[in-house]
Amino acid sequence: MSALNKAKGFKKSKSGTYLSIGTTAFGAISVMKQAKKARTENDTLRLVDAVVSAAAIATGIALLLRELKRLGDDDVLLG
């Protein structure tokens, strides 16, 4: 199996999905900082960007959680 195939396999594994959830959630920290700065500076455009980014993060995490459920994860948080 080539390194590329191994990487694709990891991406579709439970471990890879958990890692993706973690990195996606980590991106939320940056978005929260961006939103705070936008509110402080009354920058509406930057605030809209932060809201759209937060929606993308929420959607991404929801998709990853669905993938975990599809993989048959019996984690308590997933029901």
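**View 1. Three helices and zero strands make up the secondary structure of this predicted chain.** Going from the N terminus, the order of elements is simply α-α-α. The chain has 79 residues, and 15% of them are buried. Its accessible surface adds up to about 6,000 Å², with carbon and sulfur atoms supplying 64% of that. As for contacts with a separation of 6 or more, 58% link residues 24 or more positions apart.

**View 2. Helix H3 covers residues 44–70.** How far apart should the ends of its 27 residues be? At 1.5 Å a residue the expected span is 39 Å, and the end C-alpha atoms do sit 39 Å apart, so the two values agree.

**View 3. Here are the buried residues of H3 and what lies over them.** Which residues of H3 are buried? They are Ala-50, Ile-57, Leu-64 and Leu-68. Helix H2, running over residues 14–40, is part of what covers them. A handy thing to keep in mind while looking: an α-helix takes 3.6 residues for each turn, so residues three or four places apart point the same way.

**View 4. Asp-43 caps the N-terminal end of H3.** Zoom in on the Asp-43 side chain: one of its oxygens is 3.4 Å from the backbone nitrogen of Leu-45.

**View 5. Gly-72 comes just after H3.** What is the sign of phi at Gly-72? The angle there is positive, at about 85°. So much for the two ends of H3: Asp-43 caps the N-terminal one, and Gly-72 with its positive phi follows just after the helix.

Methods: Residues are numbered from 1 along each chain as its sequence is written. This is a predicted model: local features need pLDDT of at least 70, side-chain atom pairs count only at pLDDT 80 or more; totals for chains, interfaces and linings use all residues. Side-chain values use heavy atoms; hydrogens and water are left out. Helices (H or I, at least four residues) and strands (E, at least two) are DSSP runs, numbered from the N terminus. Buried means under 20% relative accessible area, exposed over 50%, partly exposed in between (1.4 Å probe, protein chains only). Contact means heavy atoms within 4.5 Å. Accessible areas come from the Shrake-Rupley method with a 1.4 Å probe; for residues, only the protein chains shown count as cover. The expected span of a helix is 1.5 Å times one less than its number of residues. A polar contact is a pair of N or O atoms within 3.5 Å; within protein, one must be able to donate a hydrogen and the other to accept it, and residues adjacent in sequence count only if both atoms are side-chain atoms.
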